[in-house]
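Reader: I'm new to this one. Could you take me on a close look at the nonpolar core and the disulfide beside it in the discussion?

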Amino acid sequence: MQGSVGYLASPNYPDEYFHNMNCEWTITGLSTNVSIEWEFLDIEAGRDCRYDYIKFESEHLAHPPRLCGSADKPEVSKFNLVIPGNNITVRFVTDRSE
C-alpha cells in the first residue's frame, strides 16, 4: 500500500476472519512518519494477544506492539500509532481455535 491514505481489511471482511492465517501488508508513506488509526477492530482477545493479533513491525520499533480485542475497549479504541520512517509492516495472525 502506498500513498497518503489507505485502508486494510482482513480476508472475508465484513464477515468473520479465517483461522490459521498469517497475512502481511507493507505500508509505504509519503512523509517521514506512518500513522495507523482504527475505524473498526474485533479480534479474539487473549492474554498478551498470543492467539489472534495484529503486529506492527518496523526497523524503528524495538518492541513491536501487538493488538487484539474489540474496538469498544479503551486500549483498542484509542489506539493511534505513529512510527518514524516511511515503512511499516502490518501482520495479522490467527490461530486454529474458534
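Author: Here is a walk through the core, then the disulfide.

This is a predicted model, so to speak of local features we need pLDDT of at least 70, and side-chain atom pairs count only at pLDDT 80 or more, while totals for chains, interfaces and linings use all residues. Residues are numbered from 1 along each chain as its sequence is written, and side-chain values use heavy atoms, with hydrogens and water left out.The largest nonpolar core (buried Ala, Val, Leu, Ile, Met, Phe, Trp, Tyr and Cys residues joined through side-chain atoms within 4.5 Å) has 20 residues, and I36, I43, I54, F56, I88 and F92 touch the most other members. Buried here means under 20% relative accessible area, with exposed over 50% and partly exposed in between (1.4 Å probe, protein chains only). At least two core residues come from each of β1 (22-28), β2 (33-37), β4 (53-57), β7 (80-84) and β8 (87-93), and β8 gives the most, with four. Those strands are DSSP runs of E, at least two residues long, numbered from the N terminus.

Now zoom in on I43. Skipping neighbours within four places in sequence, I43 is in contact (heavy atoms within 4.5 Å) with residues including Y17, I54, L67, C68 and F92.

C68 also takes part in a disulfide (cysteine sulfur atoms within 2.5 Å): C68 is joined to C49, S to S 2.2 Å. The torsion about their S-S bond is about -80°, so the disulfide is left-handed. C49 sits in the loop between β3 (42-43) and β4, and C68 in the loop between β5 (66-67) and β6 (69-70), 19 residues apart. Both cysteines, C49 and C68, are buried.
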